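Here is a colleague's note on the structure, set out as numbered points. Please read it alongside the sequence and the coordinates.

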Amino acid sequence: MQNLHIETCPILFKDKAYLELNELIKNEDYSSIFILTDTNTQEHCSKILLQQIKTVKPIEVFEIEAGEKYKHLETCVSLWETLSEMGADRHSLLINLGGGVVTDLGGFVASCFRRGIDFIHVPTSLLGMVDASIGGKNGIGLGALKNQIGIIRNPKMILVDSNYLPTLPANELRSGLAEMVKHGLIYDQGYWNKFLHLDKLTLSDLDALIYESIQIKISVVEQDPTENGIRKILNFGHTLGHAIESYSHTHHQKHLLHGEAIAIGMLMEAYLSYKLTGLTETELLEIKQVIQKYYPTPSFSVDERKKIIDLMKFDKKNKGSQINFVLLKKIGECAIDQQVENELIHEAFDYASKA
Ligand SMILES: NC(=O)c1ccc[n+]([C@@H]2O[C@H](COP(=O)([O-])OP(=O)(O)OC[C@H]3O[C@@H](n4cnc5c(N)ncnc54)[C@H](O)[C@@H]3O)[C@@H](O)[C@H]2O)c1
Ligand SMILES: [Zn+2]
């Protein structure tokens with residue numbers, strides 16, 4: 001697989017990536033190397049990475065608790081203290097080995113420590129590979145607000161290796177898959193068609209799909225680094241999806257991972273697109289077929305639907321009180337800043353809950 005780039009940051013794949021990593025470590029002559037993991041990536045991924053790093057420099061592996069709730073300032077403070085105690089300096093390197101939580105937090109920790117040390121992302125979740133590690137956004141939550149504090153800064157390199165994926169739980173794999181499906185729907189009908197014809201998701205199918213998904217994210221991000229225009233299309237499925245995700249977190253029996261909620265959001269927003277922005281019935285049925293192949297059909301009572309619609313009003317991406325949707329004109333092309341009546345959203349809930 002050819003190398004990719006986002007701005008000046010190389011995105012490298014598999015064996016070639018480890019060669020380049022070792023070159024970088026040699027050329028930069030880092031004083032020390034730190035690897036950030038969480039409990040799961042420490043157990044399942046650190047050995048794979050450590051076997052590949054060839055250096056006589058000291059390497060320390062840090063472990064944080066797994067989970068979004070640890071993507072907070074207290075974790076950063078404890079890491080900054082540990083880095084200081086271990087003698088990290090301006091020429092140390094931090095390698096973030098994990099899902100989006102580890103790469104988001106590790107990128108932020110590295111960017112602030114001694115006014116910024118070099119860092120590398122090694123995403124180990126599917127969502128991390130195709131989404132969280134790409135685009136230079138690093139950050140943490142503040143109280144209940146996700147990603148409220150952060151910085152845009154690209155790593156020295158992003159190393160993508162699907163050999164980390166076999167230990168990723170199936171629901172986490174499905175969660176990442178939703179962002180890949182989204183990339184096809186918003187930007188590339190040819191890529192979308194591959195999901196249409198895919199029977200079962202195997203690891204051997206994934207390499208090529210991951211590669212193309214990253215290409216799409218790069219293309220969108222590079223056209224709009226300040227997030228004023230086309231980058232908004234990455235929010236397709238997320239206006240309703242985020243609200244469904246938040247709602248699901250307060251009701252344990254319905255707990256959904258990010259991508260699982262986004263999949264429901266995409267199907268509902270596809271229905272809205274059919275009603276409002278020209279998506280054809282055939283395209284809508286295709287979308288339903290693919291989403292229902294991988295994700296269970298949701299059911300929300302009238303009361304739950306109302307609560308989800310209320311939650312949408314708090315979405316940080318809204319300007320003022322207006323709720324803005326990204327809808328599809330057709331598969332591969334979006335209409336941004338669309339407003340939708342509540343009644344139609346209720347219809348979309350009905351549509352998504354039918355098998
Ligand atoms: N920076 C961005 O542009 C961006 C974009 C999208 C999402 N995000 C962020 O990404 C985070 C979500 O990322 P995520 O879904 O990867 O969550 P995550 O980092 O919590 O990983 C999901 C779970 O999988 C485990 N895991 C990861 N890799 C594994 C492996 N190879 N084997 C076994 N277990 C493994 C983790 O320990 C965790 O329990 C959120 O915090 C979100 O805000 C950031
Ligand atoms: Zn998302």
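1. The model is predicted. A useful place to begin is helix H10, where the buried residues are His-238, Thr-239, Leu-240, Gly-241, Ala-243, Ile-244, Glu-245, Tyr-247 and Ser-248. That makes 9 of the 12 residues of H10 buried, and the helix is mostly covered. The cover over these buried residues includes two strands, S8 (145-152) and S10 (325-330), and the helices H7 (170-187), H11, H13 (302-312) and H14 (342-352). From its first C-alpha to its last, H10 reaches 16 Å, close to the 16 Å expected at 1.5 Å a residue.

2. Gly-241 belongs to H10 and deserves a separate word. Its relative accessibility is 0%, so Gly-241 counts as buried. Apart from neighbours within four places in sequence, the residues in contact with Gly-241 are Ala-261, Ile-262, Gly-265 and Glu-269. Between the C-alpha atoms of Gly-241 and Met-266 the separation is 7.3 Å, although their positions lie 25 residues apart along the chain as counted by sequence offset.

3. Helix H11 can be described in the terms used for H10. Of the 19 residues of H11, 16 are buried, and the helix is mostly covered. H11 reaches 26 Å from its first C-alpha to its last, close to the 27 Å expected at 1.5 Å a residue. Just after H11 comes Gly-278, with a positive phi of about 100 degrees.

4. Which residues supply the protein donors of the zinc ion (ligand 2)? They are Glu-179 through OE, His-238 through NE2 and His-258 through NE2, at 2.0 to 2.1 Å from the ion. The spacing of these donor residues in sequence is E-x58-H-x19-H. His-238 lies in H10 (residues 238-249) and His-258 in H11 (residues 258-276), so the two histidines tie together parts that are 20 residues apart in sequence. Both His-238 and His-258 are buried.

5. On the division of the chain, the domain assignment gives domain 1 as 4-167 and domain 2 as 170-352. The C-alpha centres of domain 1 and domain 2 are 28 Å apart. Contact between them involves 20 residues of domain 1 and 24 residues of domain 2.

6. Next, the sheet. It is open, has 7 strands with mixed pairing, and follows the order S1-S2-S9-S6-S5-S3-S4. At its edges are S1 (4-6) and S4 (59-64), each of which pairs on one side only. From one strand to the next the twist averages 20 degrees. Within the sheet, S5 (residues 92-98) and S6 (residues 118-123) pair in the parallel sense over 6 bridges. One residue pair to inspect there is Ile-95 and its bridge partner in S6, Ile-120.

7. Two helices should be viewed together with the sheet. Helix H1 (residues 14-28) packs on it and touches S2 (9-13), S3 (32-38), S5, S6 and S9 (157-160). The direction of H1 makes about 150 degrees with that of S9. Helix H5 (residues 100-112) lies across S3, S4, S5 and S6, and runs at about 165 degrees to S5.

8. How do strands S7 (residues 137-142) and S8 run, and how many bridges join them? They run antiparallel and are joined by 5 bridges. Leu-142 stands opposite Leu-145 in S8. The two strands form a hairpin with 2 residues between them, and Gly-143 in the turn has a positive phi of about 60 degrees.

9. Finally, two residues other than glycine have backbone angles to check. Glu-7 has a positive phi, near 50 degrees, and lies in the loop between S1 and S2. At 55% relative accessibility, Glu-7 counts as exposed. Asp-29 also has a positive phi, of about 50 degrees, and is not a glycine. Its place is the loop between H1 and S3.

Note on methods
Residues numbered from 1 in each chain as written. Chains lettered and ligands numbered in written order. Predicted model: local features only at pLDDT ≥ 70, side-chain atom pairs only at ≥ 80, totals over all residues. Heavy atoms only, no water. Pairing = 2+ DSSP bridges. Helix = DSSP H or I, 4+ residues; strand = E, 2+ residues; numbered from the N terminus. Axes fitted to C-alpha atoms, helices over the stretch in contact; angles between N-to-C directions. Contact = heavy atoms within 4.5 Å. Donors = N, O, S within 2.8 Å, 3.2 Å for Na, K, Ca; no water. Buried < 20%, exposed > 50% of the residue type's maximum accessible area, 1.4 Å probe, protein only. Expected span 1.5 Å × (residues − 1). Domains from an automatic or database assignment.
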